[in-house]
Each structure stands twice: as structure tokens, then as C-alpha cells.
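Reader: I am new to this one. Please show it to me, and then let me ask about the terms.

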2 protein chains.
Amino acid sequence: MAKLRKRQRQEALSELLERNPFLTDQELAARFGVSIQTIRLDRMELGLPELRERLKQVAEQAYGRVKSVSSTDIIGDLIEINLDESALSVLDTDSSMTFAASEIVRGHHIFAQANSLAAALVDAPVALTGSAQIKYLAPVYAGQRIVAKAKVTKIEGRKRLIKVRSYVGDKDVFVGDFTLFALANSSEDKR
Amino acid sequence: MAKLRKRQRQEALSELLERNPFLTDQELAARFGVSIQTIRLDRMELGLPELRERLKQVAEQAYGRVKSVSSTDIIGDLIEINLDESALSVLDTDSSMTFAASEIVRGHHIFAQANSLAAALVDAPVALTGSAQIKYLAPVYAGQRIVAKAKVTKIEGRKRLIKVRSYVGDKDVFVGDFTLFALANSSEDKR
DNA sequence: TAGATATTAGTAGTAGATACTAAAACATCT
DNA sequence: AGATGTTTTAGTATCTACTACTAATATCTA
């Protein structure tokens, strides 16, 4: 039985740290009712880095993301963009995005990717979504990679119509027609 | 001249750390051509936290952001619910939800609140969003509290039509018509 | 040149670890 | 029950990037 307990604990540990990287070995030991050494052995065997390393990674990721898209915070990774024309982003899904009871990714994540891609596409400091008609064509499961393609279909003054299609592999999972409004930067001149 | 040099160095230090929180005192000392102690004195005088604390803060912020559109089943706080009838939730917005360049809350947060409220309303273990028509009626600013009200307007077999209206105070900011499908729990019995 | 300000040096102590050795507890097989 | 292997715990030395503190030296200014 010992083997089982160990395996289960290690699995739980992996998951827990994925969801909450802010726990020290001490806290983990208390949580699992084992000694610190056991936790350290487990982390070693699983190749999980220490608290400080985990924090650094989270911070770096966040920082990289904020930096690289400082003006156009995007959900997913922006792969390609031609302002006021077309854009493409990729979102790797995981179980933190699913319903508690299933492995199906919740709709608003798919929407967020599409919506932020559409907003990034607008050549203006700020773009507000005015309205949208969206359709979910097939469920997306945790672990699948969503590729979203956005195309500007119409420009009328400050208004933009943008069509977004999202795929998993070559299966369509989502389509949306977005109406966005380009805003001048609200008060300050760029700085 | 000493005072000037010190003041300038401290200003530069503040800015540098703001832009790049990943530098150790040693690296900072090398960069400014002074000793570690000087850097530590400077940080003390300016009330700037140490590297590890800075990393932790960046990581926490980042994590908070990820969380806001993930882990929980419902975005916002569920205040009231009558399954298959109506529900109400409240979302307190903050600047982590805004565009970098303005204080306007990004559309997908408002959508996420509405979508998850609609899904919660369906009396089934899992509810998938099939499609939606949404409209943003007015911008929401960081700090404002969004109240979302959802109502089931039609039930047809596993299909539910749900109307969601969101308010800030008594101003309408969002309306959406959602089509959801109730799913039996896909394979496992609830656990 | 005295006095103030700024800078540097150095020590003790901290958290949260790594890396390592060794003992104890437990499980398993015969 | 005894030998063997796995798992868990204990404990020590060492590390980084510090804080908190004392004290000496360098530099500037009046």
C-alpha cells in the first residue's frame, strides 16, 4: 500500500503546485501529513522546483507577457498580426479552464481569446467591444490548443467589424462576429 | 555634489526596479558602481523591497490576474439563484481587468460574469454555451461593481435560452442572449 | 579644518531551500 | 519469523539573498 500512497501523494502534489505555486515545503508537509524531507524527495523525483524558483517563473512569465504586449494585453499568445487586417493567436488550454465536473473548457475562455485578439487588431490605443454574435461549434477539452484567426471585414469611421474563427486542429470550435470601436487615447498623449 | 549623485542614483534605482524587478543588490551595485551596502541603504530609504519580495509581488499580481478569468466556477459572487429560473451575481472590478492604456474594464470580463452566471443557472452538472448575442451598452470603469441578472426565458429539452442583463448602479452596461445546453455528467458520477 | 553627509566594511542572524548521510518504519516474500 | 527492499524521517553542512546592526573611512561643505 505504501507505493500507492506515495504515487497518489505525488500526483496530488503536482496538481496542487500547479494550481498554487505559493506553498513552502513546510506548508506542503503539513497539508499532506508527512515530513519536510518526504516533500523534498517528492519534489526531487517529480522535478518540481523550489518555491523561489516557482515564484520567479510565474513572475517572469507575467512580466514577459506584460512587456511584450504592453499595449494590447492578449489572452493566449499572439503569433501574427497585421493591424486592421488579420491576426492569429494560440491558446493552450488546461484543466484550470474547465468546469469542475468535466474536462470541457468553459466558453468564456474561448471568448476571451477571440475578443482580445479582435481588440489587438484594431489600430488604436484602446478598442471597445460594442457587440458580438458568437457560436460555439464543438467542445474544447483541456490540453487542446486553440488557434484563433481574426479578420477585419469592414471599417466605418471608428467602427470595425471583425470575424474570428477558432480551431482545434482542423475542427472549427468557435465563430464570432465582433463590432469594435476604436478610441483615441482617452486623455494623455503617448508616454 | 554628493547629494546630487545620491539623489540621482536613487531616482534611477527606483525606475530601474520598476522596469526590471529581477535584479539582485549585487547586480545593482555593479550597475551603479557602488557597494552593496550603498544599494541597501538606498532601498531602505526608498522603502523598496528586496528581490524575493519583489518577485513574490509580481507573481501574486500575475496569479490574481490569471485567477480572475479562471479557477472559480462563477466569475463574481453568486448572490441568489433559483435553478432554471433566475440568478444574480456581483463582480467587483479592479484595474487588473482594464486595458493597459485606460481604466475601462475589458469586455471579456463582463462576458465571463454573464456566461458563468448563465451556466450556473442550468440545473445540470455541466452546461455548455452554444451561442450568444451580446451587446455592450456602456463602458465600465475599474472599481465599479457590476450586478448581473440572468433569467431563463425558454426551456426546450436540453436547450435553455437565458437572458442576462448587467448593471452598474442603475445604468445598463451589458445585455446578452445565451443559448446553453444541459449535459448529463459526461462519464463519471459526481465525485 | 571641523562637522556633517555619504559610502563602505564587516558581523550575526534569517528563510527556504539543496545536498548529503544515516537511521527508523513499513511492506513483502518466503 | 526473518531477510530484503522501499519509504519515510532525522539531522547536518552549505547556499543565496537578504535584514539589522555597528563601526570605520571617504567626501563634501561651511
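Author: What follows is a set of short questions and answers on this structure. Please note that it is a predicted model.

Reader: How is chain A built?
Author: Chain A has five helices and six strands. From the N terminus on, the order is α-α-α-α-β-β-α-β-β-β-β. Buried residues are 42% of the 191 in this chain. Its accessible surface comes to about 10600 Å², and carbon and sulfur atoms hold 49% of that.

Reader: Which share of the contacts in chain A joins residues at least 24 apart?
Author: The share is 60%, counted among contacts between residues at least 6 apart in sequence.

Reader: Why is Ser166(A) called buried?
Author: Buried means under 20% relative accessible area. Ser166(A) has 0% relative accessibility, so it counts as buried. The residue lies in strand 5 of chain A, residues 159–168. Beyond its close sequence neighbours, Ser166(A) is in contact with several residues, including Ile146(A), Val147(A), Asp172(A) and Phe174(A).

Reader: What makes Gly176(A) buried?
Author: The cut-off is again under 20%. Gly176(A) has a relative accessible area of 1%, so it is buried. Its place is strand 6 of chain A, residues 171–183.

Reader: Which residues does Gly176(A) contact, leaving aside its neighbours within four places in sequence?
Author: They are Gln133(A), Ile134(A), Ile162(A), Lys163(A) and Val164(A). Contact means heavy atoms within 4.5 Å. For Ala150(A), there is a C-alpha distance instead: 9.3 Å from Gly176(A), with the two positions 26 residues apart along the chain.

Reader: Why does Gln10(B) count as buried?
Author: Gln10(B) has 11% relative accessibility, and under 20% is called buried, so the word applies. This residue is in helix 1 of chain B. Leaving out residues up to four places away, Gln10(B) touches Asp42(B), Glu45(B) and Leu46(B).

Reader: Why is Ala120(B) called partly exposed?
Author: Partly exposed is the range between under 20%, for buried, and over 50%, for exposed. Ala120(B) has 22% relative accessibility, so it counts as partly exposed. It lies in helix 5 of chain B, residues 107–121. Its C-alpha atom is 10.0 Å from that of Ser86(B), 34 residues apart along the chain.

Reader: And what puts Asp84(B) in a class, buried or partly exposed?
Author: The value is 21%, so Asp84(B) counts as partly exposed. The residue sits in the loop between strand 1 (77–82) and strand 2 (86–92) of chain B.

Reader: What is notable about the phi of Asp84(B)?
Author: Phi is near 60 degrees, a positive value in a residue other than glycine. Most residues other than glycine have a negative phi. Asp84(A) also has phi near 60 degrees. Asp84(A) is in the loop between strand 1 and strand 2 of chain A.

Reader: What makes a group of residues a nonpolar core?
Author: The members are buried residues of listed nonpolar kinds, joined through side-chain atoms within 4.5 Å. The largest such core here has 66 residues. Those with the most contacts inside it include Ile134(A), Phe178(A), Ile134(B) and Phe178(B). Helix 5 of chain B gives the most to this core, with eight residues. A second, separate core has eight residues, among them Phe22(A), Val58(A), Phe22(B) and Ala59(B).

Reader: What does Ile134(B) touch?
Author: Its contacts include Phe111(A), Ser131(A) and Ala132(A) from chain A, and Phe111(B), Phe174(B) and Phe178(B) from chain B. In soluble globular proteins, nonpolar side chains tend to be buried together.

Reader: Which residues come nearest to DNA strand C?
Author: Of the 19 residues around the strand, they are Asp25(A), Arg43(A), Arg9(B), Ser35(B) and Thr38(B). Sugar and phosphate make up 69% of the strand atoms that come within 4 Å of the protein. The residues of this surface divide into five nonpolar, four polar and 10 charged.

Reader: How do you know that Thr38(B) makes a polar contact with DNA strand C?
Author: A polar contact is a pair of N or O atoms within 3.5 Å. A side-chain N or O atom of Thr38(B) is 2.4 Å from a phosphate oxygen of the strand, so the pair qualifies. For Arg43(A), the distance to a phosphate oxygen is 2.9 Å. For Arg9(B), it is 2.9 Å.

Key: Residues numbered from 1 in each chain as written. Chains lettered and ligands numbered in written order. Predicted model: local features only at pLDDT ≥ 70, side-chain atom pairs only at ≥ 80, totals over all residues. Heavy atoms only, no water. Helix = DSSP H or I, 4+ residues; strand = E, 2+ residues; numbered from the N terminus. Buried < 20%, exposed > 50% of the residue type's maximum accessible area, 1.4 Å probe, protein only. Areas by Shrake-Rupley, 256 points an atom, 1.4 Å probe, with all protein chains shown as cover. Near = heavy atom within 4 Å. Polar contact = N/O pair within 3.5 Å; in protein donor to acceptor, adjacent residues only side chain to side chain. Nonpolar A, V, L, I, M, F, W, Y, C, P; charged D, E, K, R; others polar.
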